Amino acid sequence: MTAKESKVRQENRSAASDYLKKATDNYDQMLLAFNSENWNAAATLAVQCAISSADAVCVHHRGVRSISQDHLDVCGLVSLVDLEGAEEKSKQLRKVIARKNMVQYESRSARRADADEMVKVTTRFYQWALENLR
């Protein structure tokens with residue numbers, strides 16, 4: 001592991017269900033916000049859902065989660081999970097997290113197209129996490 005990858009915290013694998021609960025709550029609210037045409041909230045909740053989903057997968061399969069200040073570091077952890085499609089899902093996660101600054105810290109509001117793409121990609125990632133935590 002590189003120095004960046006070592007910024008993890010050991011977690012009891014049973015905590016994966018707690019992270020999945022957060023992911024599910026954010027997913028449900030993301031869909032409500034999107035359907036209400038609240039693009040900023042939908043995009044923000046997409047980021048939170050994706051990160052919590054990643055934490056659930058990493059804790060369940062590796063017993064660790066990222067504690068790095070750089071949220072993109074969790075993508076590297078996901079790619080190391082011994083699951084089919086982990087590398088591709090890591091790339092999807094990167095797409096969502098890469099838009100975090102735009103969504104949460106820049107002055108411009110998220111547009112429908114921004115939210116639409118983030119919701120689609122997050123949904124794919126969240127569903128993959130669900131399938132691999134059963």
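How many of the 24 residues of helix 2 are buried? The count is 17, so helix 2 is mostly covered. This is a predicted model.

**Helix 2 and its ends**

Helix 2 covers residues 39-62. From its first C-alpha to its last it reaches 34 Å. That is close to the 34 Å expected for its 24 residues at 1.5 Å a residue. Before it comes a loop from helix 1, and Glu37 sits in that loop. Glu37 is not a glycine, yet its phi is positive, about 60 degrees. Glu37 is exposed, at 54% relative accessible area. Just after helix 2 comes Gly63, with a positive phi of about 75 degrees.

**The core**

The largest nonpolar core has 46 residues. Helix 2 supplies 14 of them, the largest share. Helix 1 (16-35), helix 2, helix 3, helix 4, helix 5 (100-105) and helix 6 each give at least two residues to this core. In soluble globular proteins, nonpolar side chains tend to be buried together.

Which members touch the most others? They are Val78, Leu93, Met118 and Trp128. Val78 lies in helix 3 and is buried. Leaving out residues up to four places away in sequence, Val78 touches Ala54, Cys58, Ala86, Ser90, Leu93, Phe125 and Trp128.

Helix 3 spans residues 73-80. Besides Val78, its buried residues include Asp73, Val74, Cys75 and Leu77. Their cover includes strand 1 (8-10), helix 2, strand 2 (64-66), helix 4 (86-97) and helix 6 (112-131).

**Cysteines without a bond**

How many disulfides does the whole structure hold? The search finds zero. Cys58 and Cys75 are each other's nearest cysteine by sulfur, at 9.5 Å. A disulfide needs the two sulfur atoms within 2.5 Å, so this pair does not qualify. Cys58 is buried, at 0% relative accessibility. Cys75 is buried too, with a relative accessible area of 0%.

**Charged residues**

Side chains of opposite charge can pair when their charged atoms come close. The model has five salt bridges. Three of them are listed here.

| Salt bridge | Closest N and O atoms | Relative accessible area |
|---|---|---|
| Asp25 and Lys21 | 2.7 Å | Asp25 35%, Lys21 49% |
| Asp114 and Arg99 | 2.9 Å | Asp114 7%, Arg99 25% |
| Lys120 and Asp116 | 3.2 Å | Lys120 41%, Asp116 26% |

Asp25 and Lys21 are four residues apart in helix 1, so about one helical turn separates them. Lys120 and Asp116 are also four residues apart, both in helix 6, about one turn of the helix. Asp25 and Lys21 are partly exposed. Lys120 and Asp116 are partly exposed as well.

Asp114 and Arg99 link distant parts of the chain, 15 residues apart. Asp114 is in helix 6, while Arg99 is in the loop between helix 4 and helix 5. Asp114 is buried, but Arg99 is partly exposed. Arg108 joins them: Arg99, Arg108 and Asp114 are linked in a network of salt bridges.

What about a buried charge without a salt bridge? Asp55, in helix 2, is buried and has none. Its nearest side chain of opposite charge is Arg65, 4.6 Å away. A salt bridge requires the atoms to lie within 4 Å, so Asp55 and Arg65 do not count as one. Setting aside neighbours within four places in sequence, Asp55 is in contact with Tyr19, Arg65, Ser66 and Val74. Val74 is itself one of the buried residues of helix 3.

Terms used: Residues numbered from 1 in each chain as written. Predicted model: local features only at pLDDT ≥ 70, side-chain atom pairs only at ≥ 80, totals over all residues. Heavy atoms only, no water. Buried < 20%, exposed > 50% of the residue type's maximum accessible area, 1.4 Å probe, protein only. Contact = heavy atoms within 4.5 Å. Core = buried A, V, L, I, M, F, W, Y, C linked by side-chain atoms within 4.5 Å. Expected span 1.5 Å × (residues − 1). Lys, Arg positive; Asp, Glu negative; His and termini not counted.
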